[in-house]
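These are notes for a colleague who is opening this structure for the first time. Please keep the sequence and the model in view while reading.

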Amino acid sequence: MVDILTDKRNWKESPAEAVILGAFEPNPDGILTELNKLLDKAVEPLIRKKEFTGELGQMKLINTLKKLPCENILLIGLGKRDEFDLERLRRVSGSAAKALRDDGIRTIATTLHNVPTKKATLREQAQATVEGAILGLYQFTKYKTLNKEKIKNVKSLTLLEADKATEEGSAAGKIIADAQCSVRDLVNEPAMTLTPEKLAEAALELKKLGVKVTVYDKKGIEKLGLNALLAVNRGSTNEPRFVIMEYRKGAGAPVAIVGKGITFDSGGLDIKPANYMLDMKSDMAGAAAVIGTMKAIAALGLNANVVGVFASTENMPGCNAYKPGDVVVGYNGRTMEIGNTDAEGRVVLSDALAYTEKTFKPKFMVDLATLTGACVIALGYAAAGVMSKDAALVNRLKLAGDSSGERLWELPMWDDYKEGIKSDIADVLNIPGGKGYEAGAIAGALFLQHFVEKTPWAHIDIAGPAWSIDRKHYIERGGTGFGVRLLVEFLKNVR
Ligand code: BES
Ligand code: ZN
Ligand code: ZN
């Protein structure tokens, strides 16, 4: 883990191996001229040939040849001043940290949190800088045994010219980003080792932070009557788990966050083709984000009353597996016809939502789920889909998404789409029947609506942004940990 430090000194005084300096496009000249003076005209060619323009993400590493206490300066382009915001800061910080780490640098100091932006306070900038760097430096190296000595790690990141606001912001940023990295670890862990039991153990770790954790095993789940969760579990030899995490620091009804925790989604009897099954160890990313959020809010000591819930099982084929055409009686008594065993997420979530509403009578419920490939088709990887009948709740969530950089885009829950999930023999069908898969993400939300009676509720489909096939700015290939920053920001402002 990277140590996050603060230092009152400025970049000219910092003894770090590398100092990060940002400059805006198209006039990075101020900083270049100053550097040129300090480094005895060493950056003259850079200025003359206009090699560094400040274009967003552009980087130049300059050796200071002992003319400054730091060994290197990393110049990074910030793009246009008016377009600069917290998310750009986070990304630039991630790219810079990654580049320095890959160059073998172990101690980094940064001034990025001091970038003038009208849109954010110094505290917020410090938080975003630290988030970007920690997330950018993340690597999942647990299973590497060859060339271990070649794996590079940054020891410390120091925020320069630090004051109280910087210290507070960087402390919050570290808590949130570390929690998000722990979500990445869970998502990247193979399904062979990360069974529902192990996912529940990760939740139990939160007891150390004063979170009350209750884990129901298969027998406990049978007693509770979570039949839909049990139906999906039938094909698997690994037992399911149902987990409740309670963080209470405030009066009144709690806010509930609920996650889909399918530790492997083979599709079940409606088995997936190999290329679609490949990354399905990530189908528990919603549950992992709920664990990570609870971890972050407990460590931050947020003034909020929050219940985190997840239902976890594998979705496997087998002689005992649930079958297409089966009818399952959910926790709230509603019946669902299984049109496709691969639409298992909504089946397990139905029980988690119904149980949470009945037991905790929350003020709001928000669920996070890698629910549909259709949502990935609709929105790609840059945003999660949010669906709700409560416009005010959507608005709050979208605002939290914008400021945390984990963006949401609303898809409509119009009644028109209800036609598609009518069942001939049960209350609802778990896939859009009829012609095919149109509006698949919305169909998922409308299905879940049957299991929420009156609580203001929003469904967030994270199938796109939970997993990355690219390595860029603060993202690595694999699990992204999407949801932690979004939910922490939402819960911070929820009253
Ligand atoms: N876990 C998948 C959704 C998914 C797809 C997540 C791609 C991440 C990336 C989900 O359980 C699923 O299989 N959904 C089906 C639903 C269909 C059968 C109605 C889908 O999206 O194809
Ligand atoms: Zn599925
Ligand atoms: Zn799934």
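1. Is the crossing of H4 and H5 left-handed or right-handed? The crossing of these helices is right-handed. Note before going on that the model is a predicted one. Helix H4 covers residues 122-136 and helix H5 residues 164-188, and they pack with their axes 7 Å apart, at an angle of about 30°. Sorted by class, the residues in the contact of H4 with H5 are 10 nonpolar, six polar and six charged.

2. The next site to look at is that of the zinc ion (ligand 2). Its protein donors are Asp 265 (OD), Asp 342 (O), Asp 342 (OD) and Glu 344 (OE), at 2.0 to 2.2 Å from the ion. Asp 342 thus appears with two kinds of donor atom, O and OD. The arrangement of the six donor atoms is irregular because the angles they subtend run from 70 to 167°. An octahedral label would need all angles other than those between opposite donors to lie between 65 and 115 degrees, with opposite donors over 155 degrees apart. Along the sequence, the donor residues follow the spacing D-x76-D-x1-E. Distant parts of the chain are linked here: Asp 265 belongs to strand S9 (residues 255-265), while Glu 344 sits in the loop between strand S12 (335-337) and helix H11 (345-360), 79 residues apart. Asp 265 and Glu 344 are both buried.

3. The zinc ion (ligand 3) has Lys 260 (NZ), Asp 265 (OD), Asp 283 (OD) and Glu 344 (OE) as protein donors, lying 1.9 to 2.4 Å from the ion. The site is octahedral, with angles of 77 to 172° among the six donor atoms. For reference, ideal angles for six octahedral donors are 90 or 180 degrees. The sequence spacing of the donor residues at this ion is K-x4-D-x17-D-x60-E. Asp 265 bridges the zinc ion (ligand 3) and the zinc ion (ligand 2), and the two ions lie 3.2 Å apart.

4. How many aromatic pairs does the structure hold? There are eight. One pair, Phe 24 with Phe 84, is edge-to-face, because the ring planes stand at 85°, with the centres 5.5 Å apart. Phe 24 is in strand S2 (residues 18-25) and Phe 84 in the loop between strand S4 (72-80) and helix H3 (86-102), so this pair ties together parts that are 60 residues apart in sequence. Both rings belong to buried residues: the relative accessible area is 10% for Phe 24 and 1% for Phe 84.

5. Phe 242 and Tyr 355 make another edge-to-face pair, with 5.2 Å from centre to centre and 90° between the planes. Phe 242 is part of strand S8 (residues 241-248) and Tyr 355 part of helix H11, so that the pair links distant parts of the chain, 113 residues apart. Phe 242 and Tyr 355 are both buried. They also belong to a cluster, in which ring pairs link Tyr 216, Phe 242, Tyr 331 and Tyr 355.

6. Helix H14 (residues 440-449) is largely enclosed by the rest of the structure, because nine of its 10 residues are buried. The buried residues of H14 include Ile 442, Leu 446, Phe 447 and Leu 448. Glycines are among them too, namely Gly 440 and Gly 444.

7. Some backbone details deserve a check. Most residues other than glycine have a negative phi, and most peptide bonds are trans. Glu 25 and Pro 26, however, are joined by a cis peptide bond, with omega about 0°. Pro 26 lies in the loop between S2 and helix H1 (29-38). Leu 65, in the loop between strand S3 (59-63) and S4, has a positive phi near 45°. Leu 65 counts as exposed because its relative accessibility is 56%, the cut-off being over 50%. Lys 361 also has a positive phi, of about 40°. Lys 361 is in the loop between H11 and strand S13 (364-369) and, at 59% relative accessibility, counts as exposed.

Definitions and conventions:
Residues are numbered from 1 along each chain as its sequence is written. Chains are lettered from A and ligands numbered from 1 in the order in which they are written. This is a predicted model: local features need pLDDT of at least 70, side-chain atom pairs count only at pLDDT 80 or more; totals for chains, interfaces and linings use all residues. Side-chain values use heavy atoms; hydrogens and water are left out. Donors are N, O and S atoms within 2.8 Å of the metal (3.2 Å for Na, K and Ca); water is not among the atoms, so sites may look incomplete. Four donors count as tetrahedral if all angles lie between 85 and 135 degrees; four count as square planar and six as octahedral if opposite donors are over 155 degrees apart and all others between 65 and 115; anything else is irregular. Helices (H or I, at least four residues) and strands (E, at least two) are DSSP runs, numbered from the N terminus. Buried means under 20% relative accessible area, exposed over 50%, partly exposed in between (1.4 Å probe, protein chains only). Axes are lines fitted to C-alpha atoms, for helices over the stretch in contact, and angles run from 0 to 180 degrees between N-to-C directions. A crossing is left-handed if the near helix is turned anticlockwise from the far one by less than a right angle, and right-handed if clockwise. Ala, Val, Leu, Ile, Met, Phe, Trp, Tyr, Cys and Pro count as nonpolar, Asp, Glu, Lys and Arg as charged, and the others, Gly among them, as polar. Rings of Phe, Tyr and Trp (its six-membered ring) pair if their centres lie within 6.5 Å; planes under 30 degrees apart count as stacked, over 60 as edge-to-face and the rest as tilted.
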